[in-house]
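Trainee: I am new to this structure and would love a close look at a single part of it. Could you take me through that part and then show me what surrounds it?

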Amino acid sequence: MTILEDRPSNPAAGDHDRPIGHGRMQRKEDPRFVRGKGRYVDDIVLPGMLHGAILRAPVAHARLVSIDTSEALAHPKVLAVITGTDLQALGLAWAPTLSMDVQAVLVTDKVRFQGQEVAFVVAEDRYAARDALELIQVEYDVLPPVVDARKAMDPGAPVIRDDLPGRTDNHIFDWEAGDKAETDAVFASADVVVKQEIVYPRVHPAPMETCGAVADFDPIDGRLTLYETTQAPHAHRTLFAMVSGIPEHKIRVVSPDIGGGFGNKVGIYPGYILAVVGSIVTGKPVKWVEDRSENLMSTSFARDYIMQGEIAATKDGKILALRTNVLADHGAFNATAQPTKYPAGFFHIFTGSYDLAAAHCTVTGVYTNKAPGGVAYACSFRVTEAVYLVERMVDILARKLDMDPAELRLKNFIRKEQFPYANKTGWEYDSGDYEPTMRLSMKMAGYDELRREQKEKRERGELMGIGISFFTETVGAGPRKDMDILGLGMADGAELRIHPTGKAVVRISVQSQGQGHETTFAQIVAEEIGIPPEDIDVVHGDTDQTPFGLGTYGSRSTPVSGAAVALVARKVREKARFIAAAMLETRPEDLEWEKGRWFVKGDPSVGKTMAEIAMGAHGTVALPEGIDGNLDAEVTYDPPNLTFPFGAYICVVDVDPGTGHVKVRRFIAVDDCGTRINPMIIEGQIHGGLTDGVGMALMEIIEFDDEGNCLGGSFMDYLIPTAMEVPDWETGFTVTPSPHHPIGAKGVGESATVGSPPAVVNAVVDALTPFGVVHMDMPCTPARVWEAMQGGTRPPV
Amino acid sequence: MQIPAPFDYVRASSVDNALALLDRHGAESRVVAGGHSLLPMMKLRLARPDWLIDINDLYELDYLLVDGPVLRIGAMTRHTTLLESDDVRRLFPIITDAEHVIADPIVRNRGTIGGSLCQADPAEDLSTVCHVLDAVAVVRGPAGERMLSMAEFHRGPYETAVAQNELLIEVRVPIRAGSGSAYEKVERRVGDWAVAAAGASVTLAADGTISKATVGLTAVGLDRNVTEVEAVLVGQVPTEQLFAEAGQLAADACDPLADQRGPIDYKRHLADELTRRVLRVACSRAAASVPDVTIQEG
Ligand SMILES: Cc1cc2nc3c(=O)[nH]c(=O)nc-3n(C[C@H](O)[C@H](O)[C@H](O)COP(=O)(O)OP(=O)(O)OC[C@H]3O[C@@H](n4cnc5c(N)ncnc54)[C@H](O)[C@@H]3O)c2cc1C
């Protein structure tokens, strides 16, 4: 199905055509945010609260010789200084990561990346805590670092993880997907094969709110309350129980308002654990909030994939196969967050939107002396890297074949009638109809006109580029049988209660970092049971108040929790039918539903509204056998498959031939995320993601020098885009519902971040065609673009 | 939250009071103007003054005055004031050009010309502009006032002639008839410090020949004007050929370092490219103020 939305794209007042259910309603959470009344972790102040600060390693690789805390302890406002040795005594020096590795909470033996946690000071105020860090004397014996992932496996390379028994190298894992023999055979007989090394450099999600926690351990009843910047409060509760030995029913994790996550707040950082230890040690609540440099230097980065891509095709442009070997830099600890089975996340969806005869990938993960992480920054578990690879390779092939890149894509799309489509690496794409989406983007862009303009400009020596990216996402992890994180299945719970007066509370397991859950989930319930969304409160982010679930990342909230919410609402609706039947003294099967009301078939004037039924449920009406006196329900939703949103993006850039400066002139984004709930919220997600994409393509990179010093430790060095770097976004959409999701929604939170970088880079490379440039790696800074124009493209790492 | 090392703070009530406070608190005291260079360094604990002497109440240093043959700019004049001034735009478009690309509105609302020149960051834009415009710095201390040319004032990266117990009070820019000026910068992102930048000021004689020309560069390791260009430009009618020669001289004169903003050859290339561009614009602006002069193409 392809429809064009006839509503204006401006969410101005009055564009509120369907106030119940789906529609462009204003966000319920905004009044508190626009008034500055959001409540973030750093806004939490508890009586007697102390403050923690972390001493971090100044070097990337060094043996810890000695640490002297006496001077810091003598500071009049310091209550405790915790070192790795102290944690060792508690059995807490190491904590499990989300990838079944371990990570040092505080260094005991060796520093493994610059910025690693060495000691924790607890003091009466933040200033004293920070000052006391300078009073700790640490002696390091500096070791040669492994900075270049390409050299991590060299014989003789320093072994970073000598803490792991029997470790003699820096290898973490080898992983593959697809059929190698079949792929090699297709390559061997193909007319055309092109190869390219493609580097997706290390970037950082850099949420506006850095990470932090307030830990409050009550020594009397042994209860821990932990306010945390976490995208996954329930999973954190379980992990804290496993690490600390505090029984899980005594732990409450609260994730209040969160100022952006992008996957940066999925893992458990040493700082959170240290706040807990600090509270246990001092008997007082302890707050720890990292500063910007700490966030950029020590928390989960993203990408860092060095990909050798190869694409095979016939000479008339039928793409046959794709293969790639990837070297993945995971930093000093393997702490990536993804379903256990998939150490490279969902990278194996690198076949993209194309119908291929064969595909094969291998991924090798290695340790380096850099901060851990890898899966973050709205990447959908590495679909970002996958989409970037395939969309660059297709463009490179188009150049080789001298074909228009739009035409090449149109020729090779998986066709509508092939869905559900089993690709060559094990995915089953739920639904898709790519051509209309592609054609709509070309129409909005005025594609042919742009190509004409480009031709004219080229004749005058002006550099204009047009870049296309067509992405297929895989989001909504995931089916329990295939997907877990540390043994926790990726299903989500939801509970719905209708109060006697007909107002509702829905409790969900996912947590919002800005996605608008309080609005979207109320709208889903509203659509199902006919209560206005204003009358439905969405409760989230507090493990004591919500059912278990795995949290918000990988665009999974709508595909998983959104489904749970729709189903729990349907359960309540069915229950309401029985209660209405009792109230109307008729049989449930004689009732018919219209939004918000059950009525007698053939006699619409006789019926009961949800509010009346709610009062009846809690009142004195005699209820049928098996129906409790409430209007509540709960479900846990185990998704049968992932969902596969897609989109067509077109970027137009102008490059200054004298300076290499790139200006993004236009960006057209047509997204298909299945059924659309709140179009305004969707557009917000797209706008943000496109901005991320322009940032990554043009300026963002976390670099290291030869000693392993992080060169991206502040916003002066790690550049993120502003309103000045981005054009007015031109958004459009098509709707191809998911066949297995209760309301057909697919998720959209990461689509634009995943889909946009290749569009921008393809545009820059297209602009540089007169210089013979076939590929350049991100970021396309003025200097790197100029170097490419001189024939000197070099990888960023 | 980044937290500076402990310090004491005092607000000065006048220039004399500020000088007295600097004297009293000695070597470890610093004045704070807009704070947009000093405070970030303090938060990173790269600067650790014991005393901060706040001069933001010294409104007597916040002025722009066309005074006969000079424009007088008080040291506490904010970037925004310079950016928005019509007098500045008319007389010295190079300042307006530069202010457009200095930081962002938040920084420009607080940052001052005095702080910029005293900070003397190698990528700082107004030092180049003042060099190009032959500005004079007025510095006051316990011994009274001194007038310094930019060559005397600006000693190198992060180094000026202003002593610990002195204040920069004013910047004086000579106004010359028949002049035009321009500034252009390449940055990785709006608000970023320069990868490289260039400024030029050109005065045309009535016959359309160049009677005076200065070119300055930012962030490429040259703390003076590209004096080499004068011999090539002066006495000539402006042409693209001439600009290209000047560009080459600028590229030869500079001494950039490789860093995250770019490699040496790129920065050298920018010295050339931007020199040509600013000369082109400066000449056409000068021509606009000299009747009957047009710039020839090619
Ligand atoms: C994000 C960001 C981006 C920036 N980008 C640019 C840019 O692109 N280009 C650019 O040129 N600048 C840039 N700046 C710097 C900005 O212009 C600063 O405002 C300026 O460098 C310093 O001015 P200030 O008034 O803030 O000085 P302060 O930070 O208050 O002081 C700087 C130094 O000068 C001394 N000082 C100040 N006033 C006097 C005085 N009257 N007499 C003697 N000493 C004095 C202080 O003691 C201190 O040592 C940027 C700053 C930031 C934060």
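Which residue does A:Thr225 stand opposite in strand 13 of chain A?

Mentor: Happy to help, and please keep in mind that this is a predicted model. The residue opposite A:Thr225 is A:Arg252, in strand 13 of chain A. Let us start from that pair and work outwards.

Strand 13 of chain A is joined to strand 12, residues 223-228 of chain A, by four bridges, and the two strands pair in the parallel sense. As background, strands of a sheet pair through backbone hydrogen bonds, either parallel or antiparallel. Strands 12 and 13 belong to an open sheet of seven strands in chain A, and if you read across that sheet the order is 3-7-1-14-11-12-13. The pairing in this sheet is mixed. At its edges lie strand 3 (78-83) and strand 13 (251-254) of chain A, each of which pairs on one side only. From one strand to the next, the twist averages 20 degrees.

Now look at the helices that lie across this sheet. Helix 6 of chain A, residues 233-244, lies across strand 12 and strand 13 of chain A, and runs at about 140 degrees to strand 13 of chain A. Helix 4 of chain A, residues 126-133, lies across strand 1 (50-56), strand 3, strand 7 (117-123) and strand 14 (286-289) of chain A. The angle of helix 4 to strand 1 of chain A is about 25 degrees.

Chain A also has an open sheet of three strands, with the order 6-2-8 and antiparallel pairing. Its edge strands are strand 6 (110-111) and strand 8 (137-142) of chain A, and each of them pairs on one side only. Strand 2 of chain A, residues 62-68, is joined to strand 6 of chain A by two bridges, and these two strands run antiparallel. One pair to find here is A:Ala62 with its bridge partner A:Val111 in strand 6 of chain A.

Next, some aromatic rings. Over all chains, the count comes to 30 aromatic pairs. Among them are A:Trp94 and A:Phe333, whose ring centres are 6.3 Å apart and whose planes stand at 70 degrees, so this pair is edge-to-face. The pair links distant parts of the chain, as its residues are 239 residues apart. You will find A:Trp94 in strand 4 (residues 94-96) of chain A, and A:Phe333 in the loop between strand 17 (319-329) and strand 18 (358-366) of chain A.

Let us turn to helices that meet other helices. In chain A, the axes of helix 9 (residues 383-401) and helix 10 (residues 405-412) come within 9 Å and cross at roughly 115 degrees. Helix 9 and helix 10 of chain A are therefore roughly perpendicular to each other, and helix 9 of chain A passes helix 10 of chain A in a right-handed crossing. From helix 9 of chain A, the contact is made by A:Glu391, A:Val394, A:Asp395, A:Leu397, A:Ala398 and A:Leu401, while helix 10 of chain A brings A:Pro405, A:Leu408 and A:Arg409. By class, the residues of this contact are six nonpolar, no polar and three charged.

Beyond helix 10 of chain A, look for A:Pro420, in the loop between helix 10 and strand 20 (421-422) of chain A. A cis peptide bond joins A:Phe419 to A:Pro420, with omega about -5 degrees. Another cis bond runs from A:Met778 to A:Pro779, where omega is near -10 degrees. A:Pro779 is in the loop between helix 17 (751-767) and helix 18 (782-789) of chain A.

Another helix pair in chain A is helix 14 (residues 557-584) with helix 15 (residues 610-618): their axes come within 9 Å and cross at roughly 75 degrees. That makes helix 14 of chain A roughly perpendicular to helix 15 of chain A. Among the residues that meet here are A:Val572 and A:Ala576 in helix 14 of chain A, and A:Met610 and A:Ile613 in helix 15 of chain A. The contact of helix 14 with helix 15 of chain A divides into eight nonpolar, one polar and one charged residues.

Finally, a look at chain B. The axes of helix 5 (residues 93-100) and helix 8 (residues 125-132) of chain B come within 10 Å and cross at roughly 170 degrees, which makes these two helices of chain B roughly antiparallel.

Note on methods: Residues numbered from 1 in each chain as written. Chains lettered and ligands numbered in written order. Predicted model: local features only at pLDDT ≥ 70, side-chain atom pairs only at ≥ 80, totals over all residues. Heavy atoms only, no water. Axes fitted to C-alpha atoms, helices over the stretch in contact; angles between N-to-C directions. Parallel < 35°, antiparallel > 145°, perpendicular 65-115°, else oblique. Left-handed = near helix turned anticlockwise from the far one by under 90°. Contact = heavy atoms within 4.5 Å. Nonpolar A, V, L, I, M, F, W, Y, C, P; charged D, E, K, R; others polar. Pairing = 2+ DSSP bridges. Phe/Tyr/Trp six-rings, centres within 6.5 Å; stacked < 30°, edge-to-face > 60°.
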